[in-house]
Amino acid sequence: LSKQDIKKIVLVTHSTHMKRASAEFKKAGFFVIEAATGQHTASSATLLQWVPSASSLEMSQQILRELLAQMIQKFRSN
């Protein structure tokens, strides 16, 4: 993108990855417009969503992986 003189990008990724992905593009010199997907809203919550489920466990795993990736990213940048 730099070779094509593109400096501004719209970054579309899942909300759990946005912080880390945006930081990487900014570090590379891009102006980033964030467009996160997969965000949960309060209006979509139901009482059953508070009950433990396999999908919630999977979401927890994804978030923990992303937190680990963010720690690694910070470690590498120092």
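## Gly-38 and the loop

Gly-38 sits in the loop that runs between strand 2 and helix 2. This is a predicted model, so everything below is about computed coordinates. Is Gly-38 buried, partly exposed or exposed? At a relative accessible area of 41%, Gly-38 comes out as partly exposed.

The loop glycine also has company from elsewhere in the chain. Setting aside residues up to four places away in sequence, Gly-38 touches His-14 and Ser-15. Thr-16 belongs in the picture too: Gly-38 and Thr-16 are 22 residues apart in sequence, yet their C-alpha atoms are 8.3 Å apart in space.

## Helix 1, with a bend in it

Helix 1 covers residues 15-27, which makes 13 residues. From first C-alpha to last, helix 1 reaches 19 Å, close to the 18 Å you'd expect at 1.5 Å a residue. Helix 1 does have a kink, though: about 25°, centred on Ala-21.

Which residues of helix 1 are buried? They are Thr-16, Met-18, Ala-21 and Ser-22, so Ala-21 turns up both at the centre of the kink and on the buried list. As for what they pack against, the buried residues of helix 1 meet strand 1 (8-14), strand 2 (31-37) and helix 2 (54-77). After helix 1 comes Gly-29, with a positive phi near 100°.

## Thr-13, a buried spot in strand 1

Thr-13 is a handy place to look at how helix 1 meets the strands. Thr-13 belongs to strand 1, and its relative accessible area of 19% makes it buried; the cut-off for buried is under 20%.

What does Thr-13 contact once neighbours within four places in sequence are left aside? The list is Met-18, Ala-21, Ala-35, Ala-36 and Thr-37. Two of those names, Met-18 and Ala-21, are also among the buried residues of helix 1.

## A nonpolar patch on the strands

Now for the surface. Val-10, Val-12, Phe-31 and Ile-33 make a nonpolar surface patch of about 380 Å². Strand 1 and strand 2 each supply at least two residues of this patch. Phe-31, for one, lies in strand 2.

## Helix 2

Helix 2 has 24 residues, and at 1.5 Å a residue they should span 34 Å. The end C-alpha atoms of helix 2 are 35 Å apart, which agrees.

Which residues of helix 2 are buried? Glu-66, Gln-70 and Gln-73 are, and the buried residues of helix 2 pack against helix 1. The packing is listed from the other side as well, with helix 2 among the elements that the buried residues of helix 1 pack against.

## Three salt bridges

How many salt bridges does the structure hold? There are three. Start with the one between the two helices: Glu-66 pairs with Arg-20, with the closest N and O atoms 2.7 Å apart. Glu-66 lies in helix 2 and Arg-20 in helix 1, so this pair ties together parts that are 46 residues apart in sequence. Glu-66 is buried, with a relative accessible area of just 3%, while Arg-20 is partly exposed at 27%.

Another pair stays inside helix 1. The side chains of Glu-24 and Lys-27 meet in a salt bridge at 3.7 Å, N to O. Glu-24 and Lys-27 are three residues apart, about one turn of the helix. Glu-24 is partly exposed, with a relative accessible area of 35%, and Lys-27 counts as exposed at 58%.

## Asp-5 and its partner

The remaining pair brings in Asp-5, from the segment before strand 1. Lys-7 forms a salt bridge with Asp-5, and the closest N and O atoms are 3.1 Å apart. Are the two partners buried or exposed? Lys-7 is exposed, with a relative accessible area of 55%, and Asp-5 is exposed as well, also with 55%.

Asp-5 has one more thing worth a look in the viewer: its phi is positive, about 60°, although Asp-5 is not a glycine.

How values were computed:
Residues are numbered from 1 along each chain as its sequence is written. This is a predicted model: local features need pLDDT of at least 70, side-chain atom pairs count only at pLDDT 80 or more; totals for chains, interfaces and linings use all residues. Side-chain values use heavy atoms; hydrogens and water are left out. Helices (H or I, at least four residues) and strands (E, at least two) are DSSP runs, numbered from the N terminus. The expected span of a helix is 1.5 Å times one less than its number of residues. The bend at a residue is the angle between axes fitted to the seven residues ending there and the seven starting there. Buried means under 20% relative accessible area, exposed over 50%, partly exposed in between (1.4 Å probe, protein chains only). Contact means heavy atoms within 4.5 Å. Patches are made of residues with over 30% relative accessible area and no salt bridge: like charges are joined within 9 Å, nonpolar side chains (Val, Leu, Ile, Met, Phe, Trp, Tyr) within 5 Å. Accessible areas come from the Shrake-Rupley method with a 1.4 Å probe; for residues, only the protein chains shown count as cover. A salt bridge is a side-chain nitrogen of Lys or Arg within 4 Å of a carboxyl oxygen of Asp or Glu.
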